[in-house]
Amino acid sequence: MSNSARDRADYLHLMSDDRSGDADAGGGSAKVQWILRCGWRGLCPRCGRGPMFRSWLKIVERCAACGLDYRFAAPDDGPAFFSLCVVTLPLTALMVWFQVAVEPPAWVHLFTSVPLMVAGTLLPLRPIKGWLVASQFVNRAQEAGTQRLWAQLHGTRAGQSDFDQ
């Protein structure tokens with residue numbers, strides 16, 4: 001069995017366990033691994049094969065491999081928030097320490113600090129967005145009480161989740 005077929009089988013098994021409510025302790029670990037594998041690589045969270053993105057941060061409308069409709073995806077400002085908190089805050093502390101310890105001229109910061117901050121903020125955006133979309137799909141995350149409204153907006157069946165259409 002190929003790696004992608006094995007990954008898909010693992011995903012189907014963990015989702016069937018999770019929906020029945022009797023997921024074992026390892027199910028959570030498998031779910032996290034699936035989310036990270038698909039999200040950080042920008043792959044479809046349902047099949048693990050089709051690309052999630054059509055450009056830098058623009059999500060495709062449907063998966064080319066399995067047809068997953070990405071209308072459910074709403075990472076909003078999450079990628080920017082995580083990028084700023086996880087990457088930029090430590091980089092800022094490093095740059096402040098560098099200024100206090102070494103006292104370099106301003107041009108040194110222009111060629112070191114600014115590129116590090118820009119790269120450190122922008123480069124993680126896509127993997128973080130993929131991680132959030134994959135998490136949203138695998139965990140079926142949706143605002144409480146909005147299923148009927150989303151069905152009206154999307155023109156889909158009201159009794160069925162956006163994740164199943």
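User: In this predicted model, a residue counts as exposed at over 50% relative accessible area. What makes Glu103 exposed or buried by that definition?

Analyst: Glu103 has a relative accessible area of 62%. The cut-off for exposed is over 50%, so Glu103 is exposed.

User: Where does Glu103 lie, and what is its phi?

Analyst: Glu103 lies in the loop between H3 and helix H4 (106–111). Its phi is near 50°, a positive value in a residue other than glycine.

User: Which value decides whether Asp76 is called buried or exposed, and where is Asp76 placed?

Analyst: The relative accessibility of Asp76 is 65%. Exposed requires over 50%, and Asp76 therefore counts as exposed. Asp76 belongs to the loop between helix H2 (25–41) and helix H3 (78–102). Although Asp76 is not a glycine, it has a positive phi of about 50°.

User: Why is Leu36 called partly exposed?

Analyst: Leu36, which lies in helix H2, has a relative accessible area of 38%. Buried means under 20% and exposed over 50%; the value for Leu36 falls in between, so the residue is partly exposed.

User: What does Leu36 contact beyond its neighbours within four places in sequence?

Analyst: With those neighbours left aside, Leu36 is in contact with Arg41 and Trp131. In addition, the C-alpha atoms of Leu36 and Ile128 are separated by 9.5 Å, with the two residues 92 apart along the chain.

User: How many disulfides does the structure hold, and how do you know the status of Cys44?

Analyst: The structure holds 0 disulfides. For Cys44, the nearest cysteine sulfur is that of Cys66, 3.6 Å away. A disulfide needs two cysteine sulfur atoms within 2.5 Å, so Cys44 is in no disulfide. The sulfur nearest to that of Cys63 belongs to Cys44 and is 3.7 Å away; against the cut-off of 2.5 Å, Cys63 is therefore in no disulfide either.

User: Are Cys44 and Cys63 buried or exposed, and what makes them so?

Analyst: Cys44 has 0% relative accessibility and Cys63 has a relative accessible area of 4%. Buried means under 20%, so Cys44 counts as buried and Cys63 is buried as well.

User: Why are H3 and H5 called roughly antiparallel?

Analyst: The axes of H3 and helix H5 (residues 113–122) come within 9 Å and cross at roughly 165°. Angles over 145 degrees count as roughly antiparallel, and H3 and H5 are therefore described in that way. H3 passes H5 in a right-handed crossing.

User: Which residues form the contact of H3 with H5, and how do they divide?

Analyst: Ser83, Leu84, Val87, Thr88, Leu91, Thr92 and Met95 in H3 meet Ser113, Leu116, Met117, Gly120 and Thr121 in H5. These divide into 6 nonpolar, 6 polar and no charged residues.

User: What makes the arrangement of H3 and H6 oblique?

Analyst: H3 and helix H6 (residues 125–138) have axes that come within 9 Å and cross at roughly 125°. Roughly perpendicular covers 65 to 115 degrees, and roughly antiparallel begins over 145. The angle of roughly 125° fits neither class, so H3 and H6 are oblique to each other. Their crossing is right-handed.

User: Which residues meet where H3 contacts H6?

Analyst: Gly78, Pro79, Ala80, Phe82 and Ser83 in H3 meet Leu125, Ile128, Lys129, Trp131 and Leu132 in H6. The residues of this contact comprise 7 nonpolar, 2 polar and 1 charged.

Technical notes
Residues are numbered from 1 along each chain as its sequence is written. This is a predicted model: local features need pLDDT of at least 70, side-chain atom pairs count only at pLDDT 80 or more; totals for chains, interfaces and linings use all residues. Side-chain values use heavy atoms; hydrogens and water are left out. Buried means under 20% relative accessible area, exposed over 50%, partly exposed in between (1.4 Å probe, protein chains only). Helices (H or I, at least four residues) and strands (E, at least two) are DSSP runs, numbered from the N terminus. Axes are lines fitted to C-alpha atoms, for helices over the stretch in contact, and angles run from 0 to 180 degrees between N-to-C directions. Angles under 35 degrees count as roughly parallel, over 145 as roughly antiparallel, 65 to 115 as roughly perpendicular and the rest as oblique. A crossing is left-handed if the near helix is turned anticlockwise from the far one by less than a right angle, and right-handed if clockwise. Contact means heavy atoms within 4.5 Å. Ala, Val, Leu, Ile, Met, Phe, Trp, Tyr, Cys and Pro count as nonpolar, Asp, Glu, Lys and Arg as charged, and the others, Gly among them, as polar.
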